[in-house]
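Trainee: Before we go through this model, could you explain the terms as they come up, setting each value against its definition?
Mentor: Gladly; let us look at the model and begin with a single loop residue.

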Amino acid sequence: MSTRALVGNPAGKDANPAEDIPSPRWAERLRALRNIPPVMKYVWDAAPGVAVANLTSRVVAALIPLSMLAVGRMILAAIYALRADHTPLPHYFWGLVTLEFALAGIAAVLMRVIDFCDTTLAERFMKHISVRLMKHAANLDLMSYEDPVFYDKLERARVQSTDRVQMIKISGRLIQETVTTVSLAAGIFVYSPWLLIALVACVVPAFLGETHFAFLGYSLSFQQTPARRELDYLRLLGGTKEGAKELKLFGLAPFLVGRYSDVATELHDQTIGVARHRLYIGALLAIVGVAGYYGTYAFVIYHTVIGLISIATMIFLTGAIGGASSNIQAVFTTFSEIANQALFMTDLLEFFAVKPKIISKPGALPAPKKIQQGFEFKNVSFAYPGSSRMILKNVSFKLAPSERIAIVGENGQGKTTIVKLLTRLYDPTEGQILLDGKDLREYDLESLWQEIGVIFQDFMRYEMTASANIAVGRIEERNNPFRIRAAANKSLAEQAIRRLPKGFDQVLGSRFKGAVDLSGGEWQKIAIARAYLRDAQLLILDEPTAALDARSEHEVFQRFSELTEGKMSLLISHRFSTVKMSNRILVLKDGEIAEQGQHDQLLKVGGHYAEMFELQAANYR
Ligand SMILES: Nc1ncnc2c1ncn2[C@@H]1O[C@H](COP(=O)(O)OP(=O)(O)OP(=O)(O)O)[C@@H](O)[C@H]1O
Ligand SMILES: [Mg+2]
């Protein structure tokens with residue numbers, strides 16, 4: 001079997017190009033220019049003072065070439081007059097020479113100032129955008145993160161926040177080049193409008209070519225995003241601690257490297273293909289531009305030879321033509337670069353435009369400080385967005401205050417999905433979830449989450465200190481060692497933490513220097529400590545005990561039972577010894593609640609629960 005067949009085909013070779021690649025149309029290019037004002041607004045928000053300094057420096061710098069040519073022309077004319085018919089030098093002659101010198105000095109200094117402003121602006125912009133990006137990403141629905149299309153968008157937006165910094169510099173350059181060009185063009189125009197028209201005409205084809213290839217480049221990069229994401233993933237797999245064990249023992253390296261190399265080669269070929277095309281066409285169009293420049297140059301020389309213009313004017317004009325020609329070209333190139341950058345900005349702006357659907361409605365209620373009636377699932381059915389498969393079907397149950405319930409069921413029956421609905425990470429497809437008789441959607445999300453503490457089966461292992469790892473349960477308490485220790489003590493994590501070289505201040509994990517990693521069970525105890533620190537009205541543990549040894553698990557749950565006495569809790573576990581301690585057990589089967597009751601009752605019924613219990617018990621006999 002080929003490696004491609006194993007991992008799918010995100011490189012886009014067989015993908016439908018009409019869907020993935022934007023067609024290179026002019027309208028779209030122009031539309032993309034609309035991205036410039038919002039982006040410039042971000043730049044302005046990030047650093048208004050520096051932006052003004054940058055702009056001023058650039059405009060002044062832009063006028064220097066014409067000024068220098070004009071002063072140079074006056075100097076030459078004076079010298080020529082002195083030599084040809086002994087006209088004395090004007091009294092301000094040496095002043096002109098000094099001015100020429102000063103202009104050159106100012107130009108050199110301004111270049112440095114502009115560089116400095118560009119760097120400052122870029123840094124501020126990057127920080128500003130990254131912060132906005134993080135804030136925005138944190139607000140989006142969980143659903144978004146489970147959608148690959150969204151992921152590609154996020155990825156492109158991330159890259160853009162750093163890569164698009166160029167845009168600021170380029171925009172500044174465009175302004176500078178435009179001012180220079182206009183000033184030099186005015187100088188040429190005074191002498192001959194036709195000269196100017198000829199010059200411009202020769203540059204336009206190069207501009208069109210540039211824009212065309214810029215657009216092709218964007219299309220390509222757009223199309224390559226999924227493949228690049230896969231490359232990143234493969235690279236990551238090959239270089240993480242988690243991956244290393246399996247990679248070695250299963251001998252996966254050749255497979256991963258092979259796949260990486262296949263995808264990378266494909267991307268390389270596509271990119272080089274476009275670059276080669278650009279080389280041929282670009283060279284051809286450049287020749288047209290050069291012909292324009294030298295054609296007008298020859299015209300000026302001819303007019304000087306036949307005596308129509310003076311040497312001083314000729315030098316002024318050839319300087320202006322040279323400057324204008326390279327600047328017009330630069331203006332066009334820069335403009336197409338901007339159009340290109342603006343296209344890339346589409347993704348960033350689109351990402352900012354993604355709005356979360358699960359939000360607090362205006363005037364939402366605060367969650368009850370003391371829950372009176374508890375939670376109720378009323379005929380809840382649920383399918384994940386984008387899928388028609390009903391994971392939960394008509395599920396109804398109540399969770400009263402001071403009740404501890406457990407959910408059991410085989411893998412993939414929808415236990416974790418119930419938790420996601422109860423915590424309003426998703427809204428039900430049908431039916432209602434009530435809290436104290438009111439729909440969950442009536443409550444303010446933040447305040448609802450304040451009242452719930454959840455430890456998911458795939459809880460996070462933060463590569464931070466042990467203390468911070470517990471503090472994430474209620475981050476306001478991060479500087480309260482007393483409460484953090486108490487939580488660790490309750491979850492039995494304290495013993496493991498005390499053994500660490502730096503105790504609670506020990507950085508965990510393996511990413512950072514001096515960090516110490518924990519065993520799976522030790523991590524779980526730390527995660528459970530978060531739930532105790534959270535001290536919320538509803539505590540949910542979604543199977544965070546799978547890696548605990550038998551004694552630890554017994555102790556952890558004994559404590560959990562004691563500590564949640566009189567509180568609302570929801571427990572998901574595959575171990576019946578644990579589940580037994582709940583007031584009520586819900587048995588989930590095929591997305592429905594098949595049975596519910598206490599352990600002994602359910603055993604008596606002799607249904608699905610009894611069957612699963614027997615299976616597990618048989619293993620211990
Ligand atoms: N984000 C998602 N998008 C689409 N389908 C999903 C998503 N998450 C879970 N599912 C599907 O929903 C079903 C129920 O998943 P859920 O995680 O709730 O199961 P579970 O009962 O918690 O299983 P386990 O015991 O393995 O933890 C599964 O078949 C799964 O494939
Ligand atoms: Mg689960």
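Mentor: D427 lies in the loop between α14 and β4, where helices (H or I, at least four residues) and strands (E, at least two) are DSSP runs, numbered from the N terminus. This is a predicted model, in which local features need pLDDT of at least 70 and side-chain atom pairs count only at pLDDT 80 or more, while totals for chains, interfaces and linings use all residues. Residues are numbered from 1 along each chain as its sequence is written, and chains are lettered from A and ligands numbered from 1 in the order in which they are written.

Trainee: Why does D427 count as partly exposed?
Mentor: A residue is buried if 20 or more other C-beta atoms, placed from the backbone, lie within 10 Å of its own, exposed if 12 or fewer, and partly exposed in between. D427 has 17 C-beta neighbours inside 10 Å, so it counts as partly exposed.

Trainee: Which residues does D427 touch, not counting those up to four places away in sequence?
Mentor: D427 touches I358 and R441, a contact being a pair of C-beta atoms, placed from the backbone, within 7 Å. D427 and K357 are 70 residues apart in sequence, and their C-alpha atoms are 9.5 Å apart in space.

Trainee: What makes N394 and L492 noteworthy in their backbone angles?
Mentor: Most residues other than glycine have a negative phi. N394, found in strand β2, has a positive phi of about 55 degrees although it is not a glycine. L492, in the loop between α17 (481-490) and α18 (494-498), has a positive phi of about 70 degrees and is not a glycine either.

Trainee: Buried or partly exposed: how do N394 and L492 come out?
Mentor: N394 has 15 other C-beta atoms within 10 Å and is therefore partly exposed, whereas L492 has 20 and is therefore buried.

Trainee: Why are β2 and β5 said to stand at the edges?
Mentor: The open sheet of 4 strands has the order β2-β1-β4-β5, with antiparallel pairing, and two strands pair if DSSP finds at least two bridges between them. β2 (392-399) and β5 (438-439) each have a single partner strand, so one side of each is left without a neighbour in the sheet. Strand β4 (residues 430-435) is joined to β5 by 2 bridges, and L435 stands opposite K438 in β5.

Trainee: How is the sheet of 6 strands ordered?
Mentor: The order of this open sheet is β6-β7-β8-β3-β9-β10, and the pairing is mixed. The edge strands are β6 (452-455) and β10 (592-597), each of which pairs on one side only. For the mixed pairing, β7 (residues 538-542) and β8 run parallel over 5 bridges, as do β3 (residues 404-408) and β8 over 4 bridges, while β9 (residues 584-589) and β10 are antiparallel over 5 bridges.

Trainee: How do you know that β8 is mostly covered?
Mentor: In strand β8 (residues 568-572), 5 of its 5 residues are buried. M568, L570 and I572 lie on one side and S569 and L571 on the other, so both faces are covered. Among its bridge partners, L570 is matched with I405 and M568 with L538.

Trainee: Why are α9 and α10 called oblique?
Mentor: Axes are lines fitted to C-alpha atoms, for helices over the stretch in contact, and angles run from 0 to 180 degrees between N-to-C directions. Angles under 35 degrees count as roughly parallel, over 145 as roughly antiparallel, 65 to 115 as roughly perpendicular and the rest as oblique. The axes of α9 (residues 166-191) and α10 (residues 193-237) come within 6 Å and cross at roughly 135 degrees, and the two helices are therefore oblique to each other. A185, I188, F189 and Y191 of α9 meet P193, L195 and L196 of α10.

Trainee: What makes α10 roughly antiparallel to α12?
Mentor: The axes of α10 and α12 (residues 253-305) come within 10 Å and cross at roughly 170 degrees, which makes α10 roughly antiparallel to α12.

How values were computed. Contact = placed C-beta atoms within 7 Å.
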